[in-house]
Amino acid sequence: MKLTLKVWRQTSPEARGDFVIYTVDGANEEMSFPELLDLLNERLTAESSDPIAFESDCREGICGACGLMINGQAHGPQRGTTTCQLHLRTFNDGDEIVVEPFRSAGFPIVKDLVVDRSPLDRIIQSGGYITAPTGSAPDANLIPVPKDDADRAMDAAACIGCGACIAACPNGAGQLFTAAKLAHLNLLPQGQPERPKRTLAMVETMEAYFGSCTNHGECTAACPKEISLDFIAMLNHDYRRARRSR
Amino acid sequence: MAVSGIVLLLFVFVHMLGNLKLYLGAGPLDAYSRWLRTAGEPALPRETLLWAVRIVLLAAVVVHVQAAYSLTRVNRRARPEAYRSPRDYVAASFASRTMRWTGIIVALFVVFHLLDLTWGTANPDFRAGDPYHNVVESFQRWPVAIAYIVANLALATHLYHGAGSLFQSIGLLFRRRRAFATAFAAVIAAGNISFPLAVLTGVVS
């Protein structure tokens, strides 16, 4: 396969970036998107030019490191997958592919396609935990959990924190990420004692970094784990209740 | 945004329903208009209901505009550097991305609408207390009829997003919100747009 890549290059956070066009020969359709960038980087290294900085870790869709804006969509055109699960068979020979970093005030560009997504950690630090004595694992089924709640909590816990929801949102809003992180604790018995406190803290931290939701729905469409917009309704519900109880 | 939106949504619906009396003729429409002014009399002073509704609506509009303004500012700050490549939206609808503009069109139209049919300064032959006559006089001018239709299409577009979005914002899980919003917008548009068409085609004269 022969592909033309239009890649955002930016040497440092302050530098002015721009697109650079590369032609990649010898790609094959079994390659994942990061492998395509590897192929290009090997050539750039051999030519003694600066390779393209991009993030990737597990390369199996569970770590959330590899998010890129590909042809104007977070994680590319394929639904429910991360950038590393996007294979070149999705494209045609001779295509031009535009690659940009995720853009948000909360995600400053470090270099080229690498952004600093640590505000997501700040949101988790502010309330994404339960305060419980730890120690040996408790007996299974010691605390009964309705099957429905367990399933919904698990759906929310599928969030890998890649930031695609924020990157895809026309408002740069952090609601879907925060909603998922809240829901997987707020739905379970263990999360109840700190539910109002957690909700207030995480929503307030979110608002310090990101925009606000107007229900466009782009976040769910971009989410590699297809986390439902329903969790945003739950966030708003919990936030309203927590505000009242304060 | 959502709470003030619900107030405005209810008004838009009741306003459209009330105006359907246009099809019953001048008598019922004018009687309805009189009732809006005299409801509650003699226990309550004249126009109590009318002014209560006006105050609530004005407050809702102020809150709605203020919420839209602060939301826009927050969201502009959240992405100071726009994407350089064209975005490919998959879920955001035309309606959701143009709320600001459809909102401004509706707001400007409401000002004209009040000048035309409440204060009468923009009406060629305004008679206080005779809404049937005023409506017919107004819509016989085809530019006004067209402006009215365009504004109501903008309103329907605004409602198509807003009437569904509000459930999410108030934290109420309602799975058929899209269907509800589509039906609501369609009913409002059909009712409101039928009035100028009825006058232009001579069904109402």
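This passage describes the domain division of chain A, the contact between chains A and B, and selected backbone features in a predicted model.

Chain A is divided into two parts, domain 1, covering residues 3-111, and domain 2, made up of the segments 118-131 and 144-245. The centres of domain 1 and domain 2 of chain A, taken over C-alpha atoms, are separated by 28 Å. The contact between these domains draws 18 residues from domain 1 of chain A and 15 residues from domain 2 of chain A. On the side of domain 1 of chain A that touches domain 2 of chain A, the residues comprise 10 polar, 7 nonpolar and 1 charged.

Chains A and B are also in contact, with 32 residues contributed by chain A and 28 residues by chain B. On the side of chain B that touches chain A, at least two residues each come from helix H3 (48-78), helix H4 (94-97) and helix H7 (142-169) of chain B. Of the elements of chain B, H3(B) gives the most to this side, supplying 5 residues. By class, the side of chain B that touches chain A consists of 14 nonpolar, 7 polar and 7 charged residues.

A cis peptide bond is present in chain B, where B:Glu41 is joined to B:Pro42 with omega at about 0°. B:Pro42 belongs to the loop between helix H2 (26-38) and H3 of chain B. Helix H3 of chain B, which follows in this description of the loop, is also the element that gives the most to the side of chain B that touches chain A.

Two residues of chain A other than glycine have a positive phi. For A:Arg59, phi is near 55°, and for A:His75, phi is near 65°. A:Arg59 lies in the loop between helix H1 (33-46) and strand S3 (69-70) of chain A. A:His75 is placed in the loop between strand S4 (73-74) and strand S5 (96-100) of chain A. Their surroundings were assessed by counting C-beta atoms. A:Arg59 has 17 other C-beta atoms within 10 Å and is therefore partly exposed, since this class lies between the limit of 12 or fewer for exposed residues and that of 20 or more for buried residues. A:His75 has 28 other C-beta atoms within 10 Å and is therefore buried, the threshold for burial being 20 or more.

Key
Residues are numbered from 1 along each chain as its sequence is written. Chains are lettered from A and ligands numbered from 1 in the order in which they are written. This is a predicted model: local features need pLDDT of at least 70, side-chain atom pairs count only at pLDDT 80 or more; totals for chains, interfaces and linings use all residues. Two residues are in contact if their C-beta atoms, placed from the backbone, lie within 7 Å. Helices (H or I, at least four residues) and strands (E, at least two) are DSSP runs, numbered from the N terminus. Ala, Val, Leu, Ile, Met, Phe, Trp, Tyr, Cys and Pro count as nonpolar, Asp, Glu, Lys and Arg as charged, and the others, Gly among them, as polar. Domain bounds come from an automatic or database domain assignment.
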